[in-house]
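The exercises below are to be worked with the sequence and the 3D structure open. Try each task before reading its solution.

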Amino acid sequence: MITIKLRSQIKNYCPQASQNCLNKYISSLYRLNNSVNIESSSFLDNPKEIKEFLEFKRYTDFTKKYYYQIIFIFLNSFKKKKSELIDKYRYELNILNHKQRKTMTLSDENKNNLIKVSQIDNIITNYKSIIRDLNILELESIDTYKFKILQRYLILSIFKLEPKIRCSLSSINVNKKADNINYLHYNNNTYSIHINKYKLKKYYGTLIINISENLNKYIKCLLKHNNNKNFLLVELNRNKKLNSNGFSKIILHLFKSELNKNICVNLFKYILENNNI
């Protein structure tokens, strides 16, 4: 059905997968290859044909998503990745995710706390104005209030670029780089954030968030006034790394203080991904 090498390759990519789960992955790939033995990833080289196959089988959107997720796992398990091909499948999965989100049923509490993305943009703009008016980027030292505004500005700005990261934004390492951690990369006077540890990693692979030239200077400023030289985001004492629980509290407090809304990380993600609400 599949070579021992490829089976081992998938297992190494998903070490947490049980034998039963691994067998299901392989059976699904086998079906996608028209029940022909799998010796490479070449049978996935034409996303259009795969999409037509899934349509022909009259699979539900939920089942289609499952197959696309298996495809992600398989393609990402190769050391030499076909990035353009993965992006094409990611596009199809995103379409299905968007359809699913449109039919999601929110609790009454969450419905009452929905806001428009333009309101988030207004908060970001307001923070940026405070940073400018208080000349924070030019100061040699800043107090706790200025540090809080600067860090909140960056959290909102970066999270908006890639909502899938959720609380993983709290663990951005600034002095280490590895395939199993989230880290800040600096090259040619430009930052990028590499997300390797997050909930959907096995489906989407490493997420790379390219930071704009304008946002770069705010990251430099935060690092300058951050006493913890290991992580980008820290608690307000500037020494202890911000953990996921602390990150969640920042999001809750931020929207409560700015808009009097109870918005958690997952609802924040939902709002950004459904920006027509």
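A residue is called buried under 20% relative accessible area, exposed over 50% and partly exposed in between, with a 1.4 Å probe and protein chains only. The model is predicted, so local features need pLDDT of at least 70 and side-chain atom pairs count only at pLDDT 80 or more, while totals for chains, interfaces and linings use all residues. Residues are numbered from 1 along each chain as its sequence is written, and side-chain values use heavy atoms, with hydrogens and water left out.

**Exercise 1. Describe the protein as a whole.**

Step 1. Count the elements: there are 12 helices and 4 strands. Helices (H or I, at least four residues) and strands (E, at least two) are DSSP runs, numbered from the N terminus.

Step 2. Take the dimensions along the principal axes: the C-alpha atoms fill a box of roughly 65 × 45 × 30 Å.

Step 3. Assess burial: of the 277 residues, 46% are buried.

Step 4. Look at the contacts, meaning heavy atoms within 4.5 Å. Of those between residues at least 6 apart in sequence, 61% join residues at least 24 apart.

**Exercise 2. Find how many disulfides there are, and classify C21 and C221.**

Step 1. Apply the rule that a disulfide is a pair of cysteine sulfur atoms within 2.5 Å. The count is 0 disulfides.

Step 2. Check C21: its nearest cysteine sulfur belongs to C14 and is 7.6 Å away, and C21 is in no disulfide.

Step 3. Classify both residues. C21 is partly exposed because its relative accessibility is 24%; C221 is buried because its value is 5%.

**Exercise 3. Characterise the largest nonpolar core.**

Step 1. Define the set: buried Ala, Val, Leu, Ile, Met, Phe, Trp, Tyr and Cys residues joined through side-chain atoms within 4.5 Å.

Step 2. The largest such core has 85 residues, and L32, F74 and F255 have the most contacts inside it. Helix α8 gives the most to this core, with 9 residues.

Step 3. Inspect F255. Not counting residues up to four places away in sequence, F255 touches partners including I115, I120, I123, L156 and F268.

**Exercise 4. Describe the packing of α3 against α4.**

Step 1. Two packed helices are described by the angle between their axes and the distance between the axes. Axes are lines fitted to C-alpha atoms, for helices over the stretch in contact, and angles run from 0 to 180 degrees between N-to-C directions.

Step 2. The axes of α3 (residues 47–56) and α4 (residues 61–76) come within 11 Å and cross at roughly 150°. The contact is made by I50, K51, L54 and E55 of α3 and K64, Y67, Y68 and I71 of α4.

Step 3. Angles under 35 degrees count as roughly parallel, over 145 as roughly antiparallel, 65 to 115 as roughly perpendicular and the rest as oblique. The two helices, α3 and α4, are therefore roughly antiparallel.

**Exercise 5. Place S157, P163 and H225, and list their contacts, leaving aside neighbours within four places in sequence.**

Step 1. S157 lies in helix α8 and is buried, at 11% relative accessibility. S157 touches I124 and L215.

Step 2. P163 sits in the loop between α8 (144–161) and β1 (172–173). At 10% relative accessibility P163 is buried, and its contacts are K269, L272 and E273.

Step 3. H225 is in the loop between α10 (213–224) and α11 (244–259). H225 counts as buried because its relative accessibility is 5%. H225 is in contact with I136, L139, E140, S141, I142, F147 and R238.
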